[in-house]
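Colleague: I'm new to reading models like this one. Could we go through it together?

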Amino acid sequence: MTSENIKTDNLNIIAIANQKGGEGKTTTSINLAHGLSLEGYRTLLIDMDPQGNSSGIFTEVDSLQKSAADLFSQKLGPKKIILSTKYEKLDILPSKISLAEVELGTLNVEAPYILRDAIGEIKDQYDFIVIDCPPSLSIFTVNALVAANYVVIPLQAEKFSIDGIKGLQNTIESIKRRINPSLTILGALITQLKSNTILTKTILPVINDYFPVFESSISTGVSVGESHLSRQSLLDYNPSVKQSKEYFSFVKEVIHGVQK
Ligand SMILES: Nc1ncnc2c1ncn2[C@@H]1O[C@H](COP(=O)(O)OP(=O)(O)OP(=O)(O)O)[C@@H](O)[C@H]1O
Ligand SMILES: [Mg+2]
């Protein structure tokens, strides 16, 4: 843990995406963003999910005056929406349910580029931006993939989780080909792992056909749910629990991965 700013040469924008629900996107977004800030990087967490789950850790979602929806409907600048959090060097651009109503109204040619343009206005203020995506390949996930340099795919080590990754891979490839050639898949992060044997014997070889897989993986543990209930990152709630150590090691891998 350091206290001074570590300035990176480039702004690294990481979308945490998987169109399947409950795979660990929000948990990963919260703890990656907090972990990066603990490492001294100026970090912004953007919540692109109308469910507002990661926003709920850092803000009172019900009383939010401004949110990501205003980027889309009011064309409000991001500086007016971003809030600081209780964690040093970590800011949030929150969302709430009103983001879901935006989608229908924004089917115009600018729609995929709104987040990218917004980030352009704040790019000098951060070293890392982490984007928590919704469980769909909606316009919000597309916005995140258009704006990002990197994608991290949280994935449970289960058959149904693997069935959906072809669709995600196609979406990423198509955005890369048409709009954002620099988009790079940093890797898949195995979450909610029950046994390492299952991972190494059966799941890893299958996922490896699609994506690189992080060496770190996240095991299942009750502290994760408890940290959400206490509205803290897991790294803050209990830094010595196994899953915290696993997330710390994942954060290190991400930092290493973007420096390559
Ligand atoms: N390592 C873990 N151990 C135990 N429970 C976990 C772990 N990771 C996530 N969970 C739990 O699984 C559920 C889904 O996690 P999370 O909200 O991070 O996934 P998500 O992909 O963001 O879901 P959604 O698609 O709905 O946005 C939550 O209840 C969370 O507490
Ligand atoms: Mg989520």
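**Burial, shape and core**

Modeller: Let's begin with burial: of the 260 residues in the protein, 46% are buried (20 or more other C-beta atoms, placed from the backbone, within 10 Å of a residue's own). By the way, this is a predicted model, where local features need pLDDT of at least 70, side-chain atom pairs count only at pLDDT 80 or more, and totals for chains, interfaces and linings use all residues. Residues are numbered from 1 along each chain as its sequence is written, while chains are lettered from A and ligands numbered from 1 in the order in which they are written.

Colleague: What is the radius of gyration of the protein?

Modeller: That's taken over C-alpha atoms, and the globule rule is 2.2 Å times the number of residues to the power 0.38. For 260 residues the rule gives 18 Å, and the protein comes close to that, so it is as compact as a globular protein of that length. Its radius of gyration is 17 Å.

Colleague: Which helix gives the largest share of the largest nonpolar core?

Modeller: Such a core is a set of buried Ala, Val, Leu, Ile, Met, Phe, Trp, Tyr and Cys residues joined through C-beta atoms within 7 Å. The largest one has 72 residues, with Leu-145 among those having the most contacts inside it. The largest share, 7 residues, comes from residues 139–147, a DSSP run (H or I, at least four residues, numbered from the N terminus). That's helix H6.

Definitions and conventions
A residue is buried if 20 or more other C-beta atoms lie within 10 Å of its own, exposed if 12 or fewer, and partly exposed in between; C-beta atoms are placed from the backbone. Helices (H or I, at least four residues) and strands (E, at least two) are DSSP runs, numbered from the N terminus.
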